[in-house]
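Reader: Please take me through the empty space in this model. I want a close look at what lines it, and then at the packing around it.

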Amino acid sequence: AIHDTINYARRALALLMTLPDSRARQEQELSLLAPLGHSLLALRGGSDEELEQLYWQTEQLSRQLGRKWELYLSQRNLWSSYSHTGRWRETREIAESLTTMAYQLQEPAMIEDACNQLALTKWLYGELEAAYADLAYPVTKPDNEGYQRFCQLSGFPPAINHIGTEASILWMLGYPDQARSRYAAGMIQARETRQGFSLAISLEFLAWIDYFLDSVAALQALADELIRLSTQYELMVFLECGLILSGWSLVRQGNSELGFARIQQGLTSMKRAGVYIEITWYLAVLAEAQLLAGYYAEALAVVDEAFAFAERIAEHFWQAELWRLRGELLWKTEHDAVAAASCYKQAIDIAHQQHAKALELRACMSLARLWQSQNMHTHAYQQLATVYAWFSEGFDTADLQAAKNLLAELAALID
């Protein structure tokens, strides 16, 4: 379907170029450029010279014709192109420009989408509270005229990204029940949509939440559905996500051979296409799977690669977890308690600075287990009890259950 759209648009544009320049021709050209750009991005996942030229051409025509929606979406597509290739500094500038434009035009659907793109950008930078504040703009109602216009031109409703981003940030901030509530709303909306691209966006975000919550069976089902849908509609960037998360789930369930094959297939495809959005997290997923399977040296190399990407593209939202994984691996391979503790403390500091309570809890558990092995039971208990006491919800989730059990073990040892 995507190839058909691309071929049709290209043939139509070629025919249009044989006509004399006029406003009518420009209007037709603009109506073809938007779906062409959207389809190329969905197919390739990354960006290239043709895509960027197409977006700039769309922007120029939109300005000439005074078309506010097409102008906004040309910049929105450029944001997607830059973010997919990990160009976060340029992406942030565009996101701020989109927000300014949306508020100037006073279009609710446009404002909601722009605020979400700015929030997503800040989140991947590691600025969680600032990102969440940007999501305070209410979800636009479907009966809004601008909402319909946005959906028609972009191919998806703005609420889909809004709900998914909000749920992910809420989990990291330490509110898993609220994240699950938004997850449920996202699941309902995902099932109601009949458009492949919209459903793929929803499934990707929902799969993230299942990964965060360690819901292995649910994640496997969603990831496999995302693979089928992405294959059907030729949505490469979503296919890669589905492969990686399906692979992680398979490793967790003991099928390491197929699991690692899928993870590597997804990562190889991403790198080949030049897609680096969330690359540090995907590499951490691979390293975690390798840790579970006992491939410690390989996992350390992957963590180092993730740190290199974080430095190169300024993607910091998962950096605390990378430090925790490095500590786990150093303890497994070298039994270096000092180095491992240093990594855990670095993870705790970063998570605390980012207000990422979920990641701070994980790092505190790792440090507490290390101290437990050294008979430092009181220190371990006090460190973990402090962060555990902060939580007010989600006590049935895997991480908080593990923390509760570890505190009970430590308390018994202290007594």
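Author: Here are the cavities and pockets, followed by the core, the cysteines and a few single residues.

This is a predicted model, in which local features need pLDDT of at least 70 and side-chain atom pairs count only at pLDDT 80 or more, while totals for chains, interfaces and linings use all residues. Residues are numbered from 1 along each chain as its sequence is written, and side-chain values use heavy atoms, with hydrogens and water left out.

First, the closed space. Rolling a probe the size of a water molecule over the atoms shows where empty space is left. The search uses a 1 Å grid over the protein atoms alone. A cavity is a set of points where a 1.4 Å probe fits but cannot get out. A pocket is an open set with protein on both sides within 12 Å along at least five of seven lines. Lining residues have an atom within 4 Å of a point. Points are joined across faces, edges and corners, and a volume is the space filled by probe spheres set on them.

The structure has 4 cavities of 30 Å³ or more. The largest cavity holds about 510 Å³. It is lined by 31 residues, and Ser80, His84, Phe197, Ile201 and Phe238 are the closest to its centre. Helices here are DSSP runs of H or I, at least four residues long, and strands are runs of E, at least two, numbered from the N terminus. Six helices, α2, α4 (68-84), α6 (108-125), α8, α11 and α13, each give at least two residues to this lining. Helix α4 has the largest share, 7 residues. By class, the lining of the largest cavity has 19 nonpolar, 8 polar and 4 charged residues. Nonpolar covers Ala, Val, Leu, Ile, Met, Phe, Trp, Tyr, Cys and Pro; charged covers Asp, Glu, Lys and Arg; the others, Gly among them, are polar.

Now the open space. The largest pocket holds about 450 Å³. Its lining has 20 residues, with Glu288, Leu291, Leu292, Arg324 and Arg369 nearest the centre. Two or more lining residues come from each of α13 (236-252), α15 (279-293), α17 (319-334), α19 (357-373) and α21 (398-414). Helix α17 gives the most, 5 residues. The lining of this pocket has 9 nonpolar, 1 polar and 10 charged residues.

The second largest pocket holds about 360 Å³. It has 22 lining residues, and Thr5, Pro35, His38, Ser39 and Gln195 are the closest to its centre. Helices α1 (2-16), α2 (23-44), α8 (145-154) and α11 (196-212) each supply at least two. The largest share, 7 residues, is from α2. This lining has 11 nonpolar, 9 polar and 2 charged residues.

Next, the packing. A nonpolar core is a set of buried Ala, Val, Leu, Ile, Met, Phe, Trp, Tyr and Cys residues joined through side-chain atoms within 4.5 Å. Buried means under 20% relative accessible area, exposed over 50%, and partly exposed in between (1.4 Å probe, protein chains only). The largest core has 152 residues, and Trp123, Trp281, Trp318 and Leu384 touch the most other members. Helix α11 supplies the largest share of this core, 12 residues. Contact means heavy atoms within 4.5 Å. Leaving aside neighbours within four places in sequence, Leu384 contacts Leu361, Cys364, Met365, Ala368, Ala403, Leu406 and Leu407.

That list brings in a cysteine. A disulfide is a pair of cysteine sulfur atoms within 2.5 Å. By this rule there are 0 disulfides. Cys343 is in none; its nearest cysteine sulfur, in Cys364, is 15 Å away. That 15 Å is too far for a bond, so Cys364 has no partner in Cys343. Cys343 is buried, at 5% relative accessible area. Cys364 is buried too, at 1%.

Last, some single residues. Gln354 sits in helix α18 (residues 337-354) and is buried at 9%. Beyond four places in sequence, Gln354 touches Gly126, Leu128, His316 and Phe317. Glu409 is in helix α21 and is partly exposed at 42%.

Most residues other than glycine have a negative phi. Glu278 has a positive phi of about 65 degrees although it is not a glycine. Glu278 lies in the loop between α14 (256-273) and α15 and is buried at 8%. Ala314 also has a positive phi of about 65 degrees. Its place is the loop between α16 (296-313) and α17. Ala314 is buried at 5%.
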